Amino acid sequence: MSADRQNLGGYAIFAAVLAAAGLPIYIHAPKFYVDEYGVSLAALGAVLFGLRLLDVVQDPLLGKLAVAVRRFQGVAVGVTLAIMGAAMLGLFAVTPPTNPILWFAVMLTLVFSAFSFLTINFYARGVKKARTLGGDTGYLTVARWRETGALLGVCVASVMPSVFLALAWPEFVAYAAVFALACLIAGIAMHNEWRGATTEPSAGFGIVLKDQISRRLLLIALVNAAPVAVSSTLFLFFVESRLDAPGWEGPLLLLFFVAAAAAAPLWGALAERVGAKPALLAAMVLAIIAFSFAMMLGSGDTVWFAIICLASGAAVGADLTLLPAVFARRMETVAPEGSEGFALWGFVSKLTLAFAAIALLPILEASGFVSGAENSDVALTTLTLLYAGVPCALKLVAIGLLIATPIGKE
């Protein structure tokens, strides 16, 4: 059956909007609130970490909520999309009517809560869609469309502020307005997909966590996604202060995510031929090589960093495409009728961003680093080690875990 008839394009659009509400927020929001409202890096790190602690309680409850409202899933998804769009406007387009850090916390809570609920429903629907495609490759097919759409969404969301700034528009006001419009478009593109019950009552998280391979996949996802969280949190600071290349943040981000989007279907094809594990291991090695070279860069090395963005972006394409497909395939065996597994997956993915925020931003501030100012050698060295050295170490751990995990050729 054709992709058009299966509405796989709708999945790509919806995934693009979800992706724009995830990683780009960690790229843009902290620096925006530091530069615009003078909020400290340590305070932002504490808020971001606190929001992830909220997810410990919230994500499981949202998973249960997704099951409880399964008969009205279309309405629930539509309302949640509206909330997410409005909260994004509040975050970037509205001058805080109260303490900026409090406003930051409230708006991000709404954005992330909506993001979590939508992600749980969306990934559970992806399992159903994979079944209609038939065969073991159905999960990789859905993942390619979904995750390639997500990568394209990240590409657009990451570069939009720079484009709007170049046009002399209020960049983050325009960014938030475009995002709200994209929420509407995504709702229309997927409106037929929510018909009928998508999720059924399941045995809860226990059935997922009792499965050794599921636990190992969640751990691999946690460790393997952490380098992306680290580099995303520090990317704008690294380009502006370490490379001394202000104004190049947008093009370099675009290069990184375009490389990821372009590589995603290639990794998927490789996984179908040789298996998911060898493909993932190859991508992890490529990421380590790229981050190793990043540690050698200094002022003026923008071209070299662009090459590193291409290599590391290509590696991320494998991470974001193959691991979700492998986990979805496992959920078909372990918990085929529930969405709690995807609630756990969403929580693990966001926990990596919490680690980056609470561990790295205060360390960077303690080194004497100041955004947009002249920084000492100590501060710049700290920034480099955090941006490139930490991801290398984490990738080595992820490689060890993956080698020890039997995931077959999913």
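This is a guided tour of a predicted model, moving from the whole chain to a few helices and residues.

**The whole chain**

Begin with the entire chain selected and shown as a cartoon, where the secondary structure amounts to 15 helices and 0 strands. The radius of gyration is 20 Å, close to the 22 Å that the globule rule gives for 410 residues, so the chain is as compact as a globular protein of that length. If you turn the view along the principal axes, the C-alpha atoms fill a box of roughly 55 × 45 × 35 Å. Of the 410 residues in the chain, 59% are buried, and if you switch on the surface, you are looking at about 15,500 Å² of exposed area, 70% of which is supplied by carbon and sulfur atoms. Among contacts between residues at least 6 apart in sequence, 85% join residues at least 24 apart.

**Helix α2 and Val 17**

Next, select residues 8-20, which form helix α2. At 1.5 Å a residue, the 13 residues of α2 should span 18 Å, and the end C-alpha atoms are 19 Å apart, which agrees. Because 11 of these 13 residues are buried, α2 is largely enclosed by the rest of the structure; among the buried ones are Tyr 11, Phe 14 and Leu 18.

Now pick out Val 17 within this helix. Is Val 17 buried or exposed? Its relative accessibility is 7%, and a residue under 20% is classed as buried, so Val 17 counts as buried. Show the side chains around it and, leaving aside neighbours within four places in sequence, you will find Val 17 in contact with Met 84, Phe 179, Ala 182, Cys 183 and Ala 186. Then add Val 156, which is 139 residues away from Val 17 along the chain, although the C-alpha atoms of the two are separated by 10.0 Å.

**Helix α10**

Move on to residues 212-242, helix α10, whose 31 residues should span 45 Å at 1.5 Å a residue, in agreement with the 42 Å between its end C-alpha atoms. Follow the helix axis to Leu 234, where a kink of about 55 degrees is centred. With 25 of its 31 residues buried, α10 is largely enclosed by the rest of the structure. Just after the helix, select Asp 244, which takes a positive phi of about 55 degrees.

**Helix α11**

Select residues 249-274 for helix α11, where 26 residues at 1.5 Å each should span 38 Å, and the end C-alpha atoms, 36 Å apart, agree with this. Where does α11 bend? The bend, of about 30 degrees, is at Ala 263, and a proline, Pro 265, follows within four residues. Just after α11 comes Gly 275, with a positive phi of about 110 degrees.

**Ser 371, in a loop**

For the last stop, select Ser 371, which lies in the loop between α14 (340-366) and α15 (377-403). Ser 371 has a relative accessible area of 16% and is therefore buried. Which residues does Ser 371 contact, leaving aside its neighbours within four places in sequence? They are Lys 31, Val 34, Asp 35, Phe 237 and Glu 240. Look closely at Asp 35, because the side chain of Ser 371 makes a polar contact with the side chain of Asp 35 at 3.3 Å, within the 3.5 Å allowed for a pair of N or O atoms.

Conventions:
Residues numbered from 1 in each chain as written. Predicted model: local features only at pLDDT ≥ 70, side-chain atom pairs only at ≥ 80, totals over all residues. Heavy atoms only, no water. Helix = DSSP H or I, 4+ residues; strand = E, 2+ residues; numbered from the N terminus. Expected span 1.5 Å × (residues − 1). Bend = angle between axes of the 7 residues up to and from the residue. Rg over C-alpha atoms; globule rule 2.2 N^0.38 Å. Buried < 20%, exposed > 50% of the residue type's maximum accessible area, 1.4 Å probe, protein only. Contact = heavy atoms within 4.5 Å. Areas by Shrake-Rupley, 256 points an atom, 1.4 Å probe, with all protein chains shown as cover. Polar contact = N/O pair within 3.5 Å; in protein donor to acceptor, adjacent residues only side chain to side chain.
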